[in-house]
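Thanks for sharing this one. Here are some notes to read alongside the model, with the open and enclosed spaces taken before the packing.

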Amino acid sequence: MNNDISRRSAELVETGLRNFWYPVVPSYMLGATPIGITRLSEEIVLWRDRDGKVHAIEDRCPHRGARLSLGWNLNDRVACWYHGVEVDGHGVVADVPAVNSCALKGKACLKSFPAVEANGAIFLWFGDGDGTPAVPLDLPEEMISDEYSGFLCMQNWKCNHRYAIDNVMDLMHGRYLHASSHSMAEGDKRAEMEIRLTETGLMFEKKNQRGVNFDWVEFGMTSAIWLRLAVPYQKKHGGGEFIIVGFVTPVDEHHCQVYFWRIKKASGLDRDIWRFLYRNRLEGLHWDVLEQDRLVLETMTADARSKENLYQHDVGLVRVRRIMERIASEQAGRSAAPPKTQPAVTLQ
């Protein structure tokens, strides 16, 4: 591997693999006013048109580089606050109202990001720059079937996204870190682990314990990267298990967002009761668990990974690391050619 590919591969591992969908904001956060976000180290402006459709392009006016997120929502386009330049949802300059005729008008100057709204979140497609079109958003069954009902929990964490993925792939921390929680207070404090391959990734699980604690996790790669697990409710909280489907979205090398859908298979009155209990009794308990994870990960040393001494419980996260590193290397190889740049506009 040459140096350029090696550097690009390391960058992708740090800032996020491409050619996947990532949740970038909960739906409620995007109203009529454009907002600026950073995801996968890319600065993006989001806005809705009058039909509620989400548009996403680079947060940079092609004229002088001002933030388009500071500008105005003009339905199918956004106008820069600095000089009024209007850019549509495809990154094409739609108008330059300050002059009668401008060579910028009609030019595709900015990157655009396909957007889909699903399950209370906005997902964007992050391509690898080779022109690969976005594929349909493919989510786990629990997020699309009417047999399930769920709630989204999102947090911003001050750590690299790989630490958050490692945390979910670490089954044993449930019995220790979350030992006083409503769902992980029971079970053995010692276990052996095994890996099973699946059609979309792998299953990592304890050999001799199921349905007692955080006993299994599935790592999946469809058109998105997701993690799925199940943990039990104590009897005093209704019993049975609830499912978590999680996504980790890189912000930059040092920050990420975690999106966890808390889901239960229920219908009719049982569904209504669970939704009522969640909002009134259970939601705070879920946030307590997330806060425990966040505190540990945000206080780890910056070079924690380089000084690890791993053991058998860590084989799942090691396998996931290798999968992601392999994909990063493949993507870096395909994008080894320097990116095409928009030619400068000739002044007339």
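1. A definition to begin with: a pocket here is an open set of grid points with protein on both sides within 12 Å along at least five of seven lines, and its lining residues have an atom within 4 Å of a point. Please keep in mind that this is a predicted model. In the second largest pocket, 21 residues form the lining, and those nearest its centre are Asp170, His173, Met300, Asp314 and Leu317. The volume of the second largest pocket is about 440 Å³.

2. Which helices would I look at around that pocket? At least two lining residues of the second largest pocket come from each of α3, α4 (173–177), α5 and α6. Sorted by class, this lining holds seven charged, four polar and ten nonpolar residues.

3. Now to the enclosed spaces. There are three cavities of 30 Å³ or more. The largest cavity holds about 200 Å³ of space, and 18 residues line it, with Met184, Leu229, Ile244, Val289 and Asp293 nearest its centre. Strands and helices both take part: α3 (161–168), β15 (225–232), β16 (241–252), β17 (255–265) and α5 (268–298) each give at least two residues to the lining of the largest cavity. Helix α5 has the largest share of that lining, with four residues. Ten residues of the lining of the largest cavity are nonpolar, six are polar and two are charged.

4. The second largest cavity, of about 80 Å³, deserves a look of its own. What lines the second largest cavity? The residues are Val13, Arg162, Ile165, Asp166, Arg305, Val320, Arg321, Met324 and Glu325. By class, five of the lining residues of the second largest cavity are charged, four are nonpolar and none is polar. Helices α3 and α6 (315–334) each contribute at least two residues to this lining, and α6 gives the most, four residues.

5. Helix α3 has come up several times, so to speak, and here is how it sits. Eight of the eight residues of α3 are buried, among them Arg162, Ile165 and Asp166. Those three residues also belong to the lining of the second largest cavity. At the N-terminal end of α3, asparagine 160 acts as a cap, with a side-chain oxygen 2.9 Å from the backbone nitrogen of arginine 162.

6. Is histidine 313 buried or exposed? Histidine 313 counts as buried because its relative accessible area is 13%, and buried means under 20%. This histidine sits in the loop between α5 and α6. A polar atom of the histidine 313 side chain is 2.6 Å from the backbone oxygen of alanine 191. Beyond neighbours within four places in sequence, histidine 313 contacts Met172, Ala191, Met193 and Phe204.

7. Last, the packing. The largest nonpolar core contains 65 residues, and Leu17, Leu46, Leu124, Met169, Val217, Phe219 and Met221 have the most contacts inside it. Helix α6 supplies the largest share of this core, seven residues. Separate from this core is another one, of 20 residues, including Trp216, Ala224, Trp226 and Val245. Leucine 46 is a good residue to display: setting aside residues up to four places away in sequence, leucine 46 touches Val24, Val25, Leu30, Thr33, Pro34, Ile35, Ile37, Val54, His55, Ala56 and Leu124.

Key:
Residues numbered from 1 in each chain as written. Predicted model: local features only at pLDDT ≥ 70, side-chain atom pairs only at ≥ 80, totals over all residues. Heavy atoms only, no water. 1 Å grid on protein atoms, 1.4 Å probe; cavity = no way out; pocket = protein on both sides within 12 Å on 5 of 7 lines; lining within 4 Å. Points joined across faces, edges and corners; volume = space filled by probe spheres on them. Nonpolar A, V, L, I, M, F, W, Y, C, P; charged D, E, K, R; others polar. Buried < 20%, exposed > 50% of the residue type's maximum accessible area, 1.4 Å probe, protein only. Polar contact = N/O pair within 3.5 Å; in protein donor to acceptor, adjacent residues only side chain to side chain. Contact = heavy atoms within 4.5 Å. Core = buried A, V, L, I, M, F, W, Y, C linked by side-chain atoms within 4.5 Å.
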